[in-house]
Amino acid sequence: MKIAIASGKGGTGKSSISTSLAACLAENGTPVALFDCDVEEPNCHLLLNRTETVNRDIPVQIPALTAPDKCTQCGICATVCRFNALASFKTKPLFFPELCHSCGGCQLACPQNAISMVEHIPAQSRDSIENGLHLIEGVMNIGEAQATRVIRELVKTPVSEEVQILDSPPGTSCSFMATVSICDFLILVTEPTPFGLHDLKLALEAIETMNIPYGIIENKAEEGVTLIQDFCRDDGHPLLMSIPFSRNVAENYSHGKLPYYNQTEVQKGFEQLLNQIRSECA
């Protein structure tokens, strides 16, 4: 079972909820793999206090003109590339690896078989296992710009844990889509502010055609502020839980302490939430 945790904007508490859900599962005897898919700025290790890791390269495939003598400078490869990762001006193609999504379309389209896919290392993964919680983080190399292909390779990492939590990058870009597209259940984390509601609507629009079971968590809820609750009720979106704002949790979070361990009511809420997700995915 794959559970993705995402948000339309940064700062909603998505990573704290991802790590808290993983901790809840591990503490209750369910081995869990947590994928930190925010490969441009992974931070789950800070909340889980992981220092000892195993580092591995994450390879991706990018095109290269491996048979330049066969190239007729037809430009078909550049025409079919949706991401403008190739250019041809009646010359041999120019490649821009930082724009490539590793789809292989240019290789298939080349009528002369002059293009092949070659290995490129844009990132590393960091693995650590402790107390039943397996953390896998992707870390992009400096200068790399294409996170989507790294995420797609990262989530292919073989793990033995039945339950996998995918901590998505914030926003609703290609990186978000690459993460949530493979999940069995999606949790959208938001906050009771106009910005939070606006970006929640963007995330809901992004998944509208994906047929993924989902629910919403309102984080940092304040008494008397019903912006998110009213929206969910009026538009028929499932509100899974509301986590009240707590200065104590915020202070502990700033010191790298996991919010899950600070509030008994929140712990019970996460346990109920996991039971609800299991029933939804059954």
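This is a short tour of the structure, one selection at a time.

**Stop 1: the whole protein**

Start with everything shown as a cartoon, and keep in mind that this is a predicted model. You should find 10 helices and 11 strands. Turn the view around: the C-alpha trace spans about 70 × 45 × 35 Å along its principal axes.

Now colour by pLDDT. The average is 90, and 98% of the residues score at least 70. Which elements sit at the two ends of the confidence scale? Select residues 247–254 for helix 9, which has the lowest mean pLDDT of the elements, 78. Then pick residues 32–36: that is strand 2, with the highest mean, 96.

**Stop 2: surface and inside**

Switch on a surface. The protein exposes about 13800 Å², and carbon and sulfur atoms supply 50% of that area. Of the 282 residues, 48% are buried.

While the surface is up, select the charged side chains. There are 20 positive and 33 negative charges, and the mean positions of these two sets are 6 Å apart.

Go back to the cartoon and think about who touches whom. Among contacts with a separation of 6 or more, 74% join residues at least 24 positions apart in the chain.

**Stop 3: T30**

Next, select T30. You'll find T30 in the loop between helix 1 (14–27) and strand 2, the strand you picked for its high confidence. Is T30 buried or partly exposed? T30 counts as partly exposed, because its relative accessibility is 22%, while buried means under 20%.

Show the neighbours too. Leaving out residues up to four places away in sequence, T30 touches L25, G132, V163 and R278. For a longer look, draw a line from T30 to I58: these two are 28 residues apart along the chain, and their C-alpha atoms are separated by 27 Å.

**Stop 4: the cysteines**

Finish with C81, C103 and C106 shown as sticks. A disulfide is a covalent bond between the sulfur atoms of two cysteines. How many disulfides does the model have? The count comes to 0.

Zoom in on C81 to see why there is no bond here. The closest cysteine sulfur belongs to C103 and is 6.2 Å away, which is too far for a bond; the cut-off is within 2.5 Å. Move on to C106, which is in no disulfide either: its nearest cysteine sulfur, again that of C103, is 6.4 Å away.

Before you leave, bring the surface back. C81 counts as buried at 15% relative accessibility, and C106 is buried as well, with a relative accessible area of 7%.

Technical notes:
Residues are numbered from 1 along each chain as its sequence is written. This is a predicted model: local features need pLDDT of at least 70, side-chain atom pairs count only at pLDDT 80 or more; totals for chains, interfaces and linings use all residues. Side-chain values use heavy atoms; hydrogens and water are left out. Helices (H or I, at least four residues) and strands (E, at least two) are DSSP runs, numbered from the N terminus. Buried means under 20% relative accessible area, exposed over 50%, partly exposed in between (1.4 Å probe, protein chains only). Contact means heavy atoms within 4.5 Å. Accessible areas come from the Shrake-Rupley method with a 1.4 Å probe; for residues, only the protein chains shown count as cover. Lys and Arg count as positive and Asp and Glu as negative; His and the chain ends are not counted. The place of a charge is taken as NZ of Lys, CZ of Arg, CG of Asp or CD of Glu. pLDDT is the predictor's confidence in each residue, from 0 to 100.
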